[in-house]
Amino acid sequence: MKVLCRIVAAVALLISAAAVAEIAVTDGHVRAPIPGAASTAAYMTLRNTSAEDMLLERVTTTAAAGVTLHNTMNHNGMLHMMGMASLTIPANGSVVLQEGGMHLMLDSPLATMKPGTTAEVTLYFANGSELTISLPVRSVLER
Ligand SMILES: [Cu+2]
């Protein structure tokens with residue numbers, strides 16, 4: 001029984017280690033909210049290093065009251081934002097969240113989110129894995 005427990009513990013360790021390594025985030029940042037603004041956006045590149053599609057189902061942040069997945073649509077030259085229930089990051093592929101495209105919408109951002117600070121964002125995937133990232137807050141003037 002003792003040996004079995006050790007094996008179970010070792011397997012559990014392997015699973016949790018693999019779960020966070022499947023997604024690599026690069027170029028992540030949050031746009032510093034304009035004082036009094038109802039929302040701001042976060043951008044990043046999500047790369048899936050595994051052989052399975054990864055479904056991003058839920059996002060949370062400590063830097064705003066709420067966060068949702070958004071896509072930007074162009075209807076006859078008018079840009080509209082639409083909520084997305086989930087986002088698939090294809091196996092061995094990547095998805096770019098960028099201005100004018102898909103992004104994370106942070107609603108009621110904290111007033112303390114100023115350029116030079118960081119915002120913590122946690123990504124929850126359908127396979128049970130989650131990833132917490134610390135994104136730098138950047139001024140809109142920075143590129
Ligand atoms: Cu949006």
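## Reading a predicted β-rich model

Tutor: Let's start with the layout: going from the N terminus, the elements come in the order α-β-β-β-β-β-β-β-β-β-β. That makes one helix and 10 strands. Keep in mind that this is a predicted model.

Student: Then confidence comes up early. Where is it lowest and where is it highest?

Tutor: Take the average, then look at the extremes. The mean pLDDT of the protein is 88, and 85% of the residues score at least 70. Helix α1 (residues 2–21) has the lowest confidence, with a mean of 54, while strand β7 (residues 94–97) has the highest, at 98.

Student: How do I read the strand pairing? Say, in what sense do β1 and β2 pair, and over how many bridges?

Tutor: Look at the direction, then count bridges. β1 and β2 are antiparallel, with six bridges; one register marker is Thr26, whose bridge partner in β2 is Thr45. β1 also meets β10, but there the strands run parallel and two bridges join them. For that pairing, find Val30, which has Val137 as its bridge partner in β10.

Student: And what does a hairpin look like here?

Tutor: Try β4 and β5. They form a hairpin with two residues between the strands, and Asn76 in the turn has a positive phi of about 50°. The pairing is antiparallel over seven bridges, and Asn74 is bridged to Leu79 in β5.

Student: How many of the seven residues of β5 are buried?

Tutor: Zero, so strand β5 (residues 78–84) lies largely in the open. For the whole protein of 143 residues, 20% count as buried.

Student: Is there a general idea about which way side chains point along a strand, and what should I look at in the core?

Tutor: In a regular strand, side chains alternate between the two faces of the sheet. As for the core, the largest nonpolar one has 22 residues, and the members touching the most others are Val30, Ala42, Leu104, Leu106, Ala119 and Val121. Two or more residues of this core come from each of β1 (23–31), β2, β3, β4 (64–75), β8 (103–109), β9 (118–125) and β10 (130–138).

Student: Which residues is Ala42 in contact with, leaving aside its neighbours within four places in sequence?

Tutor: Val30, His103, Leu104, Leu106, Val121 and Leu135. That ties into a wider pattern: among contacts with a separation of 6 or more, 68% involve residues 24 or more positions apart.

Student: Let me try single residues. Ile23 sits in strand β1; is Ile23 buried or exposed?

Tutor: Count the neighbours. Ile23 has 22 other C-beta atoms within 10 Å, and the cut-off for buried is 20 or more, so Ile23 is buried. Setting aside neighbours within four places in sequence, Ile23 contacts Leu46, Arg47, Asn48, Met54, Ile89 and Leu131. Ile23 and Ser129 are also worth finding: they are 106 residues apart in sequence, with their C-alpha atoms 9.7 Å apart.

Student: And where does Ser50 lie?

Tutor: Ser50 is in the loop between β2 (39–48) and β3 (54–61). With 16 other C-beta atoms within 10 Å, Ser50 is partly exposed.

Student: Which residues does Ser50 touch, not counting those up to four places away in sequence?

Tutor: Glu22 and Ala91. Compare the two kinds of distance for the first pair: Ser50 and Glu22 are 28 residues apart in sequence, yet 5.4 Å apart in space, C-alpha to C-alpha.

Key: Residues numbered from 1 in each chain as written. Predicted model: local features only at pLDDT ≥ 70, side-chain atom pairs only at ≥ 80, totals over all residues. Helix = DSSP H or I, 4+ residues; strand = E, 2+ residues; numbered from the N terminus. Buried ≥ 20, exposed ≤ 12 C-beta atoms within 10 Å, placed from the backbone. Contact = placed C-beta atoms within 7 Å. Core = buried A, V, L, I, M, F, W, Y, C linked by C-beta atoms within 7 Å. pLDDT = per-residue confidence, 0-100. Pairing = 2+ DSSP bridges.
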